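Here are a few exercises to work through with the model open beside you. Try each task before reading its solution.

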Amino acid sequence: MKRRLLPGGLGTRMVVAFVLVSSLSALTTAALTFYQARTAILQRAQDDAVRELRAQLDSLAPDLPARPAEADLRTLVLQLDRAGGARDWRTAAGYRDGRLVSARSPAPDLPVHLTDTAASATTALVQRFHHGGQPRLAVALPVALPAAPADRPTRPSGLVVYATFSLAGQQRDITSLVAAARAGALPVVLASIVPALLAARRVLRPVRRLRSAAETMATGDLDTRVEVTGHDELAGLGRTFNTMAATLQADAATLRSMEAKARRFAADVSHELRTPLAAMTAVTGVLDDDAASGDLGPDASEALTLVADETRKLAHMVEDLMEISRFDAGAARLDLDEIDVGELLRKTLALRHWQDQVDVDVPEGLRARLDPRRVDVVLANLTGNALRHGGPQARTQVPAQVQAQAQAQVRVRARCSQAGSLVITVRDSGPGIADAVLPHVFDRFTKGDTARARSAGSGLGLAIAAENARLHGGTLTAANAPEGGAVFTLTLPRDPV
Amino acid sequence: MTHVLLIEDDPAVRRGVTLGLRRRGHETEAVGTGEDGLESLAACPPDIVLLDLMLPGMSGLEVCRRIRETSQVPIVILSARSDDVDVVVGLEAGADDYIVKPAGDEVIEARIRAVMRRLAPSQPTTEAGNECTTYADLEIDRSALRVRKHGTDLTLAPSELKLLLFLSAWPDRTFSRQQLLEQVWEQSYYGDARLVDACVMRLRAKTEDDPRHPRYIQTVRGFGYRFGPL
């Protein structure tokens with residue numbers, strides 16, 4: 001398989017989406033867990049601190065005078081500090097609006113907000129803050145006076161005890177939690193690539209199969225079918241593809257058989273026409289003789305001439321049809337011989353008495369390996385057309401004195417191209433080929449000038465010429481010269497295989 | 001006047017060709033099957049045989065082979081099938097020329113005349129004593145139109161004899177197949193070169209000791225054929 005994961009391909013997109021979804025879910029899970037765990041840790045730390053502080057105070061506060069002096073407060077905080085134990089907190093106490101008293105100086109830093117609100121508070125207040133880059137927790141606990149009757153609500157005594165301690169331990173716990181979440185989420189995300197690739201492959205395999213099948217079919221192989229398994233959407237697509245291929249194949253087969261039938265019909269018809277034509281053409285000479293003898297009436301003579309001429313024309317047309325049928329059936333074969341091109345061209349013209357009407361320009365000793373009969377057919381057709389449409393004979397309407405000056409206007413030129421092929425051009429000075437006709441000039445039964453169409457040819461001449469060129473592995477092209485007139489170019493390899 | 005035997009199964013073609021040739025002064029005997037043709041050939045030997053390839057019963061090719069077993073009468077195939085294989089097989093069976101149907105009476109007559117014409121039309125004028133020439137084991141008598149090998153007469157079909165006489169008249173000179181078509185078959189430059197090839201093949205089979213390594217009629221690749229050098 002040459003296609004793996006293309007950037008921007010369907011597979012890549014699927015893997016990316018898969019990884020995105022899995023990392024999103026992993027991240028969300030980790031974040032939620034982290035948040036919950038962090039809250040729980042901090043909550044426990046501050047609950048413990050408040051509970052302990054309160055327990056200490058509950059045992060120490062009754063010893064305090066109703067209006068504690070600074071010394072009393074100092075004693076209290078000393079005792080509290082000592083009782084802090086492992087928590088290592090630092091405590092301070094303030095009475096009414098007096099200043100805060102702590103066991104050691106300087107007094108522990110407390111958030112201003114806390115001290116402000118603590119004075120009027122009735123319950124414990126906690127606040128987290130940072131001091132010296134360390135997370136710390138401050139607890140403010142207003143000390144309530146014991147109520148004289150137990151069922152009356154307590155009232156603030158005006159004494160507030162503060163405790164502040166480091167949350168570094170908890171911070172460490174939380175950091176390790178983050179590390180654990182990260183360590184867990186990243187491998188999960190990476191690991192999700194594997195099932196993503198597997199899933200992508202599983203989905204893409206039928207898509208790829210479809211694609212290669214479509215490519216094979218695009219090259220003309222209509223036998224192509226895809227293997228369909230399962231009942232999902234892709235299987236449905238595969239089945240649709242197969243149906244389409246089957247329909248196309250059936251259509252193509254129908255078309256081919258119709259075309260083959262049409263061709264066979266043309267071949268059969270021409271073949272069947274040949275036998276009666278053979279009988280008729282065998283007596284055309286007799287008809288000519290009798291028509292020319294003068295023994296018959298003028299009508300009879302004319303009728304005989306007409307029949308004889310048209311019979312010959314019909315025979316020629318059937319011959320051309322047979323030739324085309326042979327090309328269609330692939331039965332035409334080359335009979336190659338090494339030939340002097342100049343001699344070939346001169347013989348072609350001499351055989352038809354055209355040598356005085358055509359300029360020939362062929363270098364001496366130009367030899368090529370070709371089928372002389374077929375090249376003769378091509379050259380005779382091209383030269384005949386040129387003489388008919390652009391040669392001196394085509395100028396019957398011009399005044400006699402101009403006609404007398406008129407040189408042979410059809411030029412045939414043969415050269416060996418640089419690529420080593422034989423190039424023969426036949427050029428005339430006629431009106432050229434109409435732009436609308438030019439693309440169809442080698443089509444069967446296309447005639448350049450419908451008004452004069454009956455005068456010559458079966459309408460197959462150029463088609464046969466083109467087929468002959470193709471049989472040689474060469475080409476035949478038609479164009480109009482810039483200075484006017486049609487140019488036919490026959491290009492033949494000098495040594496066809 | 002030439003006596004033509006026409007073997008052709010289609011009655012219309014038979015009538016047409018007979019009519020056309022009779023008008024041109026040839027006496028034509030027309031038969032519809034190969035068997036009748038062979039019978040007629042034995043009863044009254046014609047000057048030339050026009051033979052259709054597609055015949056009911058015995059095929060035209062078979063008829064051609066049978067005629068060649070006993071006779072050197074010129075044979076021209078008259079065939080509606082210009083398919084290459086049939087023509088080549090017909091020529092190899094010993095026919096001297098072929099005409100593709102449909103063909104006008106003037107074409108048929110021209111081919112008949114060409115085949116019937118006096119042999120070796122452009123041979124150099126030779127002195128009387130010089131008419132019998134010996135080339136290795138081959139002895140060619142131009143006046144008697146006879147070829148002997150090791151003293152025994154060879155039976156050569158008209159086209160074979162014409163080709164051998166023409167080539168041997170200019171030993172060591174190479175002729176292209178087109179030239180041979182023009183000179184020996186009196187065809188145009190564009191006649192079917194396979195006429196030459198098939199005839200050379202038949203001639204070699206009769207004259208050469210080893211037809212695959214010919215001594216008399218040699219191939220010059222890319223140009224044509226040559227008699228000798230021995």
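**Exercise 1. Which residue in E5(B) is the bridge partner of B:Val76?**

Before the solution, two notes on conventions. Residues are numbered from 1 along each chain as its sequence is written, and chains are lettered from A and ligands numbered from 1 in the order in which they are written. This is a predicted model, where local features need pLDDT of at least 70, side-chain atom pairs count only at pLDDT 80 or more, and totals for chains, interfaces and linings use all residues.

Step 1. The bridge partner of B:Val76 in E5(B) is B:Asp97.

Step 2. Now widen the view: strand E4 (residues 75-79) of chain B pairs with E5(B) through four bridges, in the parallel sense. Strands are DSSP E runs of at least two residues and helices are H or I runs of at least four, both numbered from the N terminus; two strands pair if DSSP finds at least two bridges between them.

Step 3. Place this pair in its sheet: five strands of chain B form an open, parallel sheet in the order E2-E1-E3-E4-E5. Strand E2 (27-31) and strand E5 (97-100) of chain B are at the edges with a single partner strand each, so one side of each has no neighbour in the sheet. On average, neighbouring strands here are turned by 20° against each other, direction ignored.

**Exercise 2. Find the helix that lies across strands E1 and E2 of chain B.**

Step 1. The helix is H2 (residues 34-43) of chain B.

Step 2. Check its direction: H2(B) runs at about 160° to E1(B), residues 3-7. Axes are lines fitted to C-alpha atoms, for helices over the stretch in contact, and angles run from 0 to 180 degrees between N-to-C directions.

**Exercise 3. Is A:Gly285 buried or exposed, and which residues of chain B does A:Gly285 touch?**

Step 1. Locate A:Gly285 in helix H6 (residues 284-293) of chain A.

Step 2. Count its surroundings: A:Gly285 has 21 other C-beta atoms within 10 Å, so this glycine is buried. The cut-offs are 20 or more such atoms within 10 Å for buried, 12 or fewer for exposed, and partly exposed in between, with C-beta atoms placed from the backbone.

Step 3. List the contacts (C-beta atoms, placed from the backbone, within 7 Å): A:Gly285 touches B:Gly20, B:Arg23, B:Gly104, B:Asp105 and B:Glu106, leaving aside residues up to four places away in sequence.

**Exercise 4. At what angle do H6(A) and H1(B) pack, and which residues make the contact?**

Step 1. The axes are 8 Å apart and the angle is about 45°.

Step 2. H6(A) and H1(B) are therefore oblique to each other. Angles under 35 degrees count as roughly parallel, over 145 as roughly antiparallel, 65 to 115 as roughly perpendicular and the rest as oblique.

Step 3. A:Gly285, A:Val286 and A:Asp289 of H6(A) meet B:Leu19, B:Gly20 and B:Arg23 of H1(B).

**Exercise 5. How many residues does each chain give to the contact between chains A and B?**

Step 1. Chain B gives 28 residues and chain A gives 26.

Step 2. On the chain B side, helices H1 (11-23), H5 (105-116) and H7 (177-184) are the elements giving two or more residues. H1(B) gives the most, with eight.

Methods. Contact = placed C-beta atoms within 7 Å.
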